[in-house]
Amino acid sequence: MLDIDYSPPPSLTLSSSPLHHFLSSNPTLTSGRKKSEFRTQSFGYKGEPELIDLMESGKESLELNRNLYPQVEPYSTGFLKVSDIHTIYWEQSGNPDGHPVVFLHGGPGGGTAPSNRRFFDPDFYRIILFDQRGAGKSTPHACLVENTTWDLIDDIEKLRKHLEIPEWQVFGGSWGSTLALAYSQSHPDKVTGLVLRGIFLLRKKEIDWFYEGGAAAIFPDAWEPFRDLIPENERSCFIDAYSKRLNSDDMETQYAAARAWTKWEMMTAHLLQNEENIKRGDDDKFSLAFARIENHYFVNKGFFTSDSFLLDNVDKIRHINTKIVQGRYDVCCPMMSAWDLHKAWPEADFKVVPNAGHSANEPGIAAELVAANEKLKNLVKNGR
């Protein structure tokens, strides 16, 4: 699952709301509560309240930067051959001597974008982006052979070793959160911290919600073109019906299915629909990789051995400093998954953005992602 937004996210400015001033002048209203409770505070995007965990002090929350950083260009790029078939594109930006962080994009099949670098302080972080197998600039394009979760985990390790990085922070949203959890559970000693957004655990109920008619109750206008590509006698399982077409011998059949699949997701990725985002569904090259690889992973249940695999293995990563950011009205990756992860892993900081959907580039989510990286930055600086 993925939000694709190649337009620059809106700038974010810090301000306090009347509610914040009221709470500040009445400290007894927010004192003596348990860690798991929340209080409200505004961070300047249209005056909407934001949920802030009480683990943060008021002073720390006000001092944290929540503005996206200016765009930076890579100082090095390259291609790494990870198998006889696949070669992945990678890039580095920010501080070459900084704390390394690897960005795991969504989809699977979505690829990276320059705006992905803006969540990180370029003076502090050594920012590593790469395109997963078959996606973005990686080759061969849209290839499903030797393309599994475990292949991607191996690729992350190969890239870490290639760049001579002992350990790094991991950042992933949507499918990227799935991969970040799986990678961290496989290599917990290589992860210094985690930032997870739009939680996707790749369980059957999540796939059924989005691809078998659940989300159609909210977006019937977006759902009908996705539904109508499939004949009525094949609608008992849209994942299988689309798999048949995305793997057809006829390329136009593949492209038509890929456009319909991609547009359905693009039309539901924001709380308020983003026209530029939706137009990505008209890009046949992008849509083919996005739709084929996503569908391939979903047909194969993420290549996990059980439906609850990621939740069952939380103990392996419980010690890692982790920040979870979730849009309340995320239709692509509904909050039930983030909530289940929060209950299984209460030690992780959990932030719900009340005025946002799925996209990392919605103002409230972008602000919290920047703040999450700032918190982990401060922990590294303080030797914690």
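This briefing walks you through the main sheet, the helices around it, and a few residues worth finding in the structure. Keep in mind that the model is predicted. At its heart for our tour is an open sheet of eight strands with mixed pairing. We will then look at helices that touch this sheet, at two helices that cross each other, and at pairs of aromatic rings.

**The sheet**

- To trace the sheet from one side to the other, follow the strand order S3-S4-S6-S5-S7-S8-S9-S10.
- The two edges are strand S3 (76–81) and strand S10 (349–353), and each of these pairs on one side only.
- On average, neighbouring strands in this sheet are turned by 20 degrees against each other, if you ignore direction.
- At one edge, S3 pairs with strand S4 (residues 87–94) in the antiparallel sense, over six bridges.
- You can find one of these links by looking for Gly 78, whose bridge partner in S4 is Trp 90.

**Strand S9 and its neighbours**

- Strand S9 has a parallel pairing with S8, over four bridges, and another parallel pairing with S10, over five bridges.
- For the S8 pairing, look for Leu 194, which has Thr 322 of S9 as its bridge partner.
- For the S10 pairing, look for Gln 326, which has Val 352 of S10 as its bridge partner.
- How many of the residues of S9 are buried? Six of its six residues are buried, so S9 counts as mostly covered, given that buried means under 20% relative accessible area.
- The cover extends to both faces of the strand: Thr 322, Ile 324 and Gln 326 are buried on one side, and Lys 323, Val 325 and Gly 327 are buried on the other.

**Helices on the sheet**

- Helix H12 (residues 335–344) lies across strand S8 (191–197), strand S9 (322–327) and S10.
- The direction of H12 is at about 160 degrees to S10.
- Helix H13 (residues 363–381) also packs on the sheet, where it touches strand S5 (99–104), strand S6 (125–130), strand S7 (168–173), S8, S9 and S10.
- The direction of H13 makes about 170 degrees with that of S8.

**Two crossing helices**

- Two packed helices are described by the angle between their axes and the distance between the axes.
- Here, the axes of helix H7 (residues 238–246) and helix H8 (residues 251–266) come within 8 Å and cross at roughly 140 degrees.
- That angle makes H7 oblique to H8.
- From H7, the residues in the contact are Ile 239, Tyr 242, Arg 245 and Leu 246.
- They meet Thr 253, Gln 254, Ala 257, Ala 258, Ala 260 and Trp 261 from H8.
- What kinds of residues make up this contact of H7 with H8? There are seven nonpolar residues, two polar ones and one charged one.

**Aromatic rings**

- The structure holds 28 aromatic pairs.
- One of them is the stacked pair of Phe 103 and Phe 171, with 5.4 Å from centre to centre and 20 degrees between the planes.
- Phe 103 lies in strand S5 and Phe 171 in strand S7, so this pair ties together parts that are 68 residues apart in sequence.
- Both Phe 103 and Phe 171 are buried.
- Phe 226 and Trp 261 form a tilted pair, with 6.0 Å from centre to centre and 55 degrees between the planes.
- This second pair ties together parts that are 35 residues apart in sequence, because Phe 226 lies in helix H6 (residues 220–228) and Trp 261 in helix H8.
- Phe 226 counts as buried at 1% relative accessibility, and Trp 261 is buried too, with a relative accessible area of 0%.
- Ring pairs also link a cluster, which includes Phe 200, Phe 210, Trp 223, Phe 226, Tyr 242, Trp 261 and Phe 298.

**Two more residues to find**

- Thr 178 is found in helix H4 (residues 175–186), and at 0% relative accessibility Thr 178 counts as buried.
- Leaving aside residues up to four places away in sequence, Thr 178 touches Phe 200, Leu 202, Phe 304 and Leu 310.
- Is Arg 118, in the loop between S5 and S6, buried or exposed? Arg 118 counts as buried, with a relative accessibility of 15%.
- Arg 118 and Val 370 are 252 residues apart along the chain, and their C-alpha atoms are separated by 8.3 Å.

Methods
Residues numbered from 1 in each chain as written. Predicted model: local features only at pLDDT ≥ 70, side-chain atom pairs only at ≥ 80, totals over all residues. Heavy atoms only, no water. Pairing = 2+ DSSP bridges. Axes fitted to C-alpha atoms, helices over the stretch in contact; angles between N-to-C directions. Contact = heavy atoms within 4.5 Å. Parallel < 35°, antiparallel > 145°, perpendicular 65-115°, else oblique. Nonpolar A, V, L, I, M, F, W, Y, C, P; charged D, E, K, R; others polar. Phe/Tyr/Trp six-rings, centres within 6.5 Å; stacked < 30°, edge-to-face > 60°. Buried < 20%, exposed > 50% of the residue type's maximum accessible area, 1.4 Å probe, protein only.
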